[in-house]
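Please open the model in your viewer and keep the selection tool at hand. The stops below are meant to be followed in order.

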Amino acid sequence: MQSLASLLSSRVEAAAGIDPEMRPATKPQFGHFQSNVALRLAKSEGRPPREVAASLVERIDVADLCEPLEIAGPGFINFRIRPEVLARAASDLLADPHTGIDQAETPARIVIDYSSPNVAKQMHVGHLRTTIIGDCFNRVLTATGNTVIPQNHIGDWGRQFGMLIEQALDEELDLDGLDLAGAEELYKRANARLKADEGFADRARARVVALQAGDEETRAIWQRLIDVSKVGFNEAYDRLGVLLTDADIAGESSYNDLLEGVCEDLEARGIAKMDDGALVVFVDGFDAPAILRNSHGGYGYDVTDVAAQKYRVDDLHADRMIYVTDARQHHHFELVFAVARKAGYVPDTVSTEHVGYGMVLGADGRPFSTREGTAAYLIDLLDAAEEHTTRPVALAAIKYADLSNQLQKDYVFDPERMTATSGDTGPYLQYAHARASRILRNAADQGIAWDQVTALTEPVEQALALQLSRYGEIVAGVAADLQPHKLCTYLFELASTMSVFYEQCPVLKSDGEVRTSRLALCATTRKVLASGLGLLGIEAPDQM
Ligand code: ARG
């Protein structure tokens, strides 16, 4: 649903021929919006601004939206939206099952590669961010009428399995009793031994070959490590309340059978070539090539991501592919995107986007992951936030902190600030939602019904309706730009306007139509807050 602001702007542009650069009016007596379009046109046409403004006012076709236009000062045009238009916009939103979010005419098939933890390692702080951000994209792109295909590209393949399996066999490890934390301990022991014990290193290498060759015992242990890891990942997903399920897992190993074919194809077409014993692809603008096969004949991260793109286009029929990882992997993705394009695996009609995020910092401003003595596990952060509040509020705090800044920026994990119910926090938005719910509950208890927004006389009521009418556009913007902080900012402003509204406009203590209209305005605000929080993956409790 188009906002009143942009509807108005496009009408003015139709008359003026240039972007009217509508600005919110600075004072209620100037109406709702002001434009300096006449001043700018006057300059280029060499005519007096007020004269230009007068002739524009004649031609601007907004009688259905605005009170008669006013010319102010040197030639500003003031626009005051008619109260019944504002009221109707709010009522439409209240009635709309999609809460003003436009649905894609033809749903796009959107692959989102996110979370993607590594087997035999507990999810760390970085995985917290990709999981939360990817979950938000999933919700936003689904809400805009697309088909989202999450791909959890777990690290379930590679050389590390040689040492893991070899170590497990040496220790006669009880695989049935193993869990993810235990697998991580095994990883540490194997890793330590690898550095110290030459013979072990050789056996680990041989074990990788056995794994690739499909040796039964080796495969069984490998599978067991994956299974216990999945249990651990799912515990984290449950606790985070994200949408991922086992059906979304497509780990690195699932591309094994494609790798040789990709190499042969690219070599045959002259796109890949041998360089120092490795098969590589050079791409213009990149210093180093992508490595398809190393000089030992092994396949790695690059070629897997080339094959994964091919699969996502050919088999998943993706129209758009989004990858959410730590910003440090940006170069890797730019490179493998370029290779897949050069190969023709990803046609021009399919977009590829890497969304990189910054680090989570401790209170000392240093990355969690390098702090000695402090574990950087995702679960520990949840525990830290829960020391200050209940689980739903702690989750709101973490998710909002994660999504409310530009994603590329680092942010400081400060549980006390994040869980505060005032200020720009997730709990503040939950609180605003609970407050609106309480008013509506009290009204219902007193047998007072509401239906539509009708009377909007106070400036703050009008401001609230105007703000509500922007919701659909804000969500469409996030779906396009993948910048959730814009939704966060919007919701924070909405909640702030709502609290001014409560201060200035009695709801239950007013009467008649004013009361029903104000209740309907509360209901609309509550609905938009619930919808917006839902898109951020945050629960909207009715009571707090
Ligand atoms: N497993 C990797 C990590 O933990 C992330 C994988 C991201 N996805 C991909 N298609 N490469 O850093």
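The tour goes through two annotated spans, then a helix, then a single residue.

Before selecting anything, note that residues are numbered from 1 along each chain as its sequence is written. This is a predicted model, in which local features need pLDDT of at least 70 and side-chain atom pairs count only at pLDDT 80 or more, while totals for chains, interfaces and linings use all residues.

Select residues 2–81, which an unreviewed UniProt entry annotates as the domain "Arginyl tRNA synthetase N-terminal"; UniProt positions follow the numbering used here, feature names are shortened, and annotations may be inferred rather than shown by experiment. Over this span the chain is 41% helix and 15% strand, with the end C-alpha atoms 15 Å apart; helices (H or I, at least four residues) and strands (E, at least two) are DSSP runs numbered from the N terminus.

Move next to residues 117–127, annotated in the unreviewed UniProt entry as the short sequence motif 'HIGH' region, where the end C-alpha atoms lie 6 Å apart and the span is 27% helix and 0% strand.

Now select helix α17, residues 459–468, which is largely enclosed by the rest of the structure because seven of its ten residues are buried (20 or more other C-beta atoms within 10 Å of a residue's own, with C-beta atoms placed from the backbone; exposed means 12 or fewer, and partly exposed lies in between). Its buried residues, among them E461 and L468, pack against α1 (4–16), α4 (83–95), α18 (471–481), α19 (485–504) and α20 (512–535).

Finish at L529 in helix α20, which is buried, with 24 other C-beta atoms within 10 Å. Leaving aside residues up to four places away in sequence, L529 touches residues including L429, H433, L491 and A540, contact being C-beta atoms, placed from the backbone, within 7 Å.

Note on methods. Contact = placed C-beta atoms within 7 Å.
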